[in-house]
Every structure is written in C-alpha cells, then in structure tokens.
Amino acid sequence: LEEMEEREEIQRAIDLLPEQCRLIFTLCCLESMKYQDAADMLGVSINTVRTQMTRAFKSLRDSLSGKTFTSILFVVLSDKAIE
C-alpha cells in the first residue's frame, strides 16, 4: 500500500511539470533515452534537454518528500550506470 501511494505521489509530481519538461523527463528518465537522442527527437539542443532535466529534478525535489525523491534518484542513477 505504501509503495502504491508513493508511486501515485511521484506520478502526480511528474504530471505537474510543464509540458516540455515532463516530456524530456519522461524520455530521459523513464524511457532511458540519452540526452542527445531526446534532443534530436524533439528538435532541440542538448543544452535545452540538460536545462529541462535540471528544472524537472528541482521541481520533483521540491514537490516530493526526501524518501520519495531519493527513490527516483536511485532508479535513475541505477539505469544510467548500466548504459
């Protein structure tokens, strides 16, 4: 039950991100797309992707409790370590 509530809290926080920020976060974190690939797909610069990811993480950090945000960060970093 606690895990389900945490997932819902995460999804609500992601849904509150601005559209482009949410799309880039979804591509890079949830779908494990590389920043350059996301930039190419969306027709934006890699710096735009980096900026949007920074904004997404700041927003999620501000919106979520420490434990929940740490869970997201752990999953993202674990996926990136595999690449």
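**A buried alanine and the helices around it**

At 0% relative accessibility, A39 counts as buried. I begin with this residue, and I should say at once that the model before us is a predicted one. A39 lies in helix α3. Leaving aside residues up to four places away in sequence, A39 touches V44, S45, I46 and V49. There is also a relation to I24: the two residues stand 15 apart in sequence, and their C-alpha atoms are 8.5 Å apart in space.

Let me now place that residue in the whole chain. The secondary structure of the protein chain comes to five helices and zero strands. Read from the N terminus, the order of elements is α-α-α-α-α. The protein chain has 83 residues, and buried residues make up 29% of them. As for contacts between residues at least 6 apart in sequence, 59% of these join residues at least 24 apart.

I turn next to the packing of helices, beginning with α2 and α3. In general, two packed helices are described by the angle between their axes and the distance between the axes. Helix α2 covers residues 19–30 and helix α3 covers residues 35–42. Their axes come within 9 Å and cross at roughly 135°. The two helices are therefore oblique to each other. In handedness, the crossing of α2 past α3 is right-handed. On the α2 side, the contact is made by L23, I24, L27 and C28. On the α3 side, the residues are Y35, A38, M41 and L42. What classes of residue make up the contact of α2 with α3? The residues divide into eight nonpolar, no polar and no charged.

The next pair is α3 and α4. These helices pack at an angle of about 110°, with their axes 8 Å apart. That angle makes α3 roughly perpendicular to α4. The crossing of α3 and α4 is right-handed. Here Y35, Q36, A38 and A39 in α3 meet I46, V49, R50 and M53 in α4. By class, this contact has six nonpolar residues, one polar and one charged. Our opening residue, A39, is thus among those that α3 brings to α4.

Q36 deserves a word of its own. Its place is in helix α3. Is Q36 buried or partly exposed? Q36 is partly exposed, with a relative accessible area of 38%. The C-alpha atoms of Q36 and V49 are separated by 8.1 Å, and the two residues are 13 apart along the chain.

From α3 I move to α4, which covers residues 46–63 and contains Q52. At 9% relative accessibility, Q52 counts as buried, the cut-off being under 20%. Not counting residues up to four places away in sequence, Q52 touches Q20, C21 and I24. I24 has appeared before, as one of the α2 residues in the contact with α3.

A further link concerns aromatic rings. How many aromatic pairs does a search of the whole structure find? The search finds one. It is formed by F25 and F57, and the arrangement is edge-to-face: 5.8 Å centre to centre, with 80° between the planes. F25 lies in helix α2 and F57 in helix α4, so the pair ties together parts that are 32 residues apart in sequence. F25, at 1% relative accessibility, counts as buried. F57 is buried as well, with a relative accessible area of 16%.

I close with a residue outside the helices. S32 lies in the loop between α2 and α3. Most residues other than glycine have a negative phi. What is the phi of S32? The value is near 55°, which is positive in a residue other than glycine. S32 is partly exposed, with a relative accessible area of 32%.

To review the path we have taken: A39 is buried at 0% relative accessibility, and its helix α3 meets α2 obliquely and α4 roughly at a perpendicular. Helices α2 and α4 are in turn joined by the pair of F25 and F57.

Note on methods
Residues numbered from 1 in each chain as written. Predicted model: local features only at pLDDT ≥ 70, side-chain atom pairs only at ≥ 80, totals over all residues. Heavy atoms only, no water. Helix = DSSP H or I, 4+ residues; strand = E, 2+ residues; numbered from the N terminus. Buried < 20%, exposed > 50% of the residue type's maximum accessible area, 1.4 Å probe, protein only. Contact = heavy atoms within 4.5 Å. Axes fitted to C-alpha atoms, helices over the stretch in contact; angles between N-to-C directions. Parallel < 35°, antiparallel > 145°, perpendicular 65-115°, else oblique. Left-handed = near helix turned anticlockwise from the far one by under 90°. Nonpolar A, V, L, I, M, F, W, Y, C, P; charged D, E, K, R; others polar. Phe/Tyr/Trp six-rings, centres within 6.5 Å; stacked < 30°, edge-to-face > 60°.
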